[in-house]
Number of protein chains: 2
Amino acid sequence: MSSVKAYAAQSETSGVHPHAIKRRALRPDDVAIEIDYCGVCHTDIHFAENDWGGTMYPVVPGHEIIGRVTAVGENVSGHAVGDRVGVGCIVDSCRTCEPCQHGLEQYCEAGMISTYNGIDRYDASVTYGGYSEAVVVHQDFVLRIPDKLDPATAAPILCAGITTYSPLRHFGVKAGHKVGVIGMGGLGHMGVKFAKALGAEVTIFTRSEAKRAEAKAQGANHVVISTDKAQMKAVRGSFDFLLDTVPVAHDLNPYLGCLKLDGTHILVGLLEPVDPPVMAGALVRKRRVLTGSLIGGIPETQEVLDFCAEHGIECDVEMLDIRNINDAYARMKKGDVKYRFVIDMKSLKAA
Amino acid sequence: MSSVKAYAAQSETSGVHPHAIKRRALRPDDVAIEIDYCGVCHTDIHFAENDWGGTMYPVVPGHEIIGRVTAVGENVSGHAVGDRVGVGCIVDSCRTCEPCQHGLEQYCEAGMISTYNGIDRYDASVTYGGYSEAVVVHQDFVLRIPDKLDPATAAPILCAGITTYSPLRHFGVKAGHKVGVIGMGGLGHMGVKFAKALGAEVTIFTRSEAKRAEAKAQGANHVVISTDKAQMKAVRGSFDFLLDTVPVAHDLNPYLGCLKLDGTHILVGLLEPVDPPVMAGALVRKRRVLTGSLIGGIPETQEVLDFCAEHGIECDVEMLDIRNINDAYARMKKGDVKYRFVIDMKSLKAA
């Protein structure tokens, strides 16, 4: 599938042009949204290219959606035509399990319904994401976008933002804490902003001395070159939290050694085996914690949008014409983007 | 070193008979203790046989010591001649680092001083443990043994007990929680008693159907045969905590799957690499926690002794004549003890 890419995938694989993807008719609880911007997440590439094996074509990726309400169903109360709204990674869930009842729809026991490549609970249709002119979503999964936010730079808050904000909040990061952020991509650079806004002293871990200036420009208080043993040794036992955004297997042991007693290493990028294996003794001898976190629920996604508006936090984005999506994917695979592509959906009309 | 065993190790390796091991002269803060009982921990075997490479011979193992005070230094206030006292795994620490100031001497940043095979902070002498007639310990590291406790069955509380009690308390196990205990040895059987006393519903995981009756007899509410995939599947996503007492590498992934959202897997037996590797996705997709815990500090060791007295908890022990220590080690290696050997030190006088 390596030659089949997102936008292209819709037409090349199936013969369906994106303009032909029909959105469902408005149900009583639905909000119809005209899309202005959509962020490009690495997950989009995995689905477009069927890396995880479950892609249902035609696929319309995109789960960092910003738009305006164009119509609402008769039961909709919280959103009105013309409102600036957003849709993130989740468009439905069972609503009844314990995680759902606590606003943790991302951990729904029946399985959350993904914004794209999900199966609708009512008519079993496949869900289509944000690389599109429009989307129709149940009102409970539509977010309010504060006026203070620039809608283009706000888009990635809906995935890259909430993914890093949620664990920092859940595990209680606050002033006085030392937080290390591992990786400097879409997730990492948002993690730095949030950890700083929460009052922590922030260190970026990066592999190359050449990235030191860039890391400092991200606003980190300190930079540690992770391939330099002397630098790693100098910070042994000093961190309360490590936010690990690296999406491929890497050795956690040098990082675990950087944690204090009771320190917490949070995985938000990796889903594969932790290889090489972690040393159990590194956990036991300092009661350290290795954990992970998955995006965030709807209430917390609203919270992070409001938090960004309050603290003037925006994602660093590169605007993209959708006709260049395949080039953008190629650049993302090389890590060549600072730090998130956002599709300007006006370009779709021109396509 | 496999033919050199603990008690024997003192004389065979070095030519020093245990009766010839001199205890230090009483310092102003010291308590001299005549030892009545000493539990036998698997760590004793590792040191006697130099499995970890750092053994200084002659070694006198034993860190589950129960005895009576025979003399006190001029500064000693909390202990008096004749008192029933105990000594666990720690006989000193720096006293000034943050963990020490919070009663977490086991995590002392300068390194705790072990009851045996440690280096005394004042005269650099090697510390000797409880397979002995007497021991001299700083008053701050001497525990009070409540009158209600049988001194023989209380001995293993000082290591096996505190090692399992401390993480259950630290991570907040209480009524309503479902706790799984993995492994049914010295640590595991104490973990079951503590988790039950704290109000939790307790499941023992064991590898063999033949051990079901024994597991039930331990007081577990439920038993799961971990090698039976159907039984493991039936408890998927149902535990708040897993207390993992297995001291050798094993696959954690089937156990992680048994944890709920935010569930915690606590390693207390393993120090080596977690091999096969854990799946990061198993942590990320349910925000599960993998952690570890090391024995416990002095205040919490006193707390667990008092807790055992209050709740009528004692270790299941097999009394041992010290002349049979090598046979006991051989049996422990086969898992053939229910569940802790305790040396009756009167047998040393006969040796």
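**Where chains A and B meet, and what lies within each**

The contact between the two chains takes 27 residues from chain B and 27 residues from chain A. On the side of chain B that touches chain A, the elements giving two or more residues are β12 (259-267), α10 (280-284) and β13 (289-292) of chain B. Sorted by class, that side of chain B has 17 nonpolar, four polar and six charged residues. Keep in mind as you explore that this is a predicted model.

Let's stay with β13 for a moment. Strand β13 (residues 289-292) of chain A pairs with β13(B) in the antiparallel sense, over three bridges. If you would like a place to look, pick Leu290(A): its bridge partner in β13(B) is Leu290(B).

Now move to another pairing, this one in chain A. Strand β1 (residues 30-40) of chain A and β6(A) also run antiparallel, with five bridges between them. Here Asp30(A) stands opposite His138(A) in β6(A). Strand β6 itself, residues 134-138 of chain A, is mostly covered, as four of its five residues are buried.

Chain B offers a covered helix to visit. In α5 (residues 160-170) of chain B, nine of the 11 residues are buried. The buried residues are Ala160(B), Gly161(B), Ile162(B), Thr163(B), Thr164(B), Tyr165(B), Ser166(B), Pro167(B) and Leu168(B). What covers them? Among the covering elements are α6 (186-197), β11 (239-244), β12, α11 (298-311) and β15 (340-344) of chain B. So β12(B) turns up in this cover and also on the side of chain B that touches chain A. After α5(B) comes Gly172(B), with a positive phi near 80 degrees.

How values were computed
Residues are numbered from 1 along each chain as its sequence is written. Chains are lettered from A and ligands numbered from 1 in the order in which they are written. This is a predicted model: local features need pLDDT of at least 70, side-chain atom pairs count only at pLDDT 80 or more; totals for chains, interfaces and linings use all residues. A residue is buried if 20 or more other C-beta atoms lie within 10 Å of its own, exposed if 12 or fewer, and partly exposed in between; C-beta atoms are placed from the backbone. Two strands pair if DSSP finds at least two bridges between them. Two residues are in contact if their C-beta atoms, placed from the backbone, lie within 7 Å. Ala, Val, Leu, Ile, Met, Phe, Trp, Tyr, Cys and Pro count as nonpolar, Asp, Glu, Lys and Arg as charged, and the others, Gly among them, as polar.
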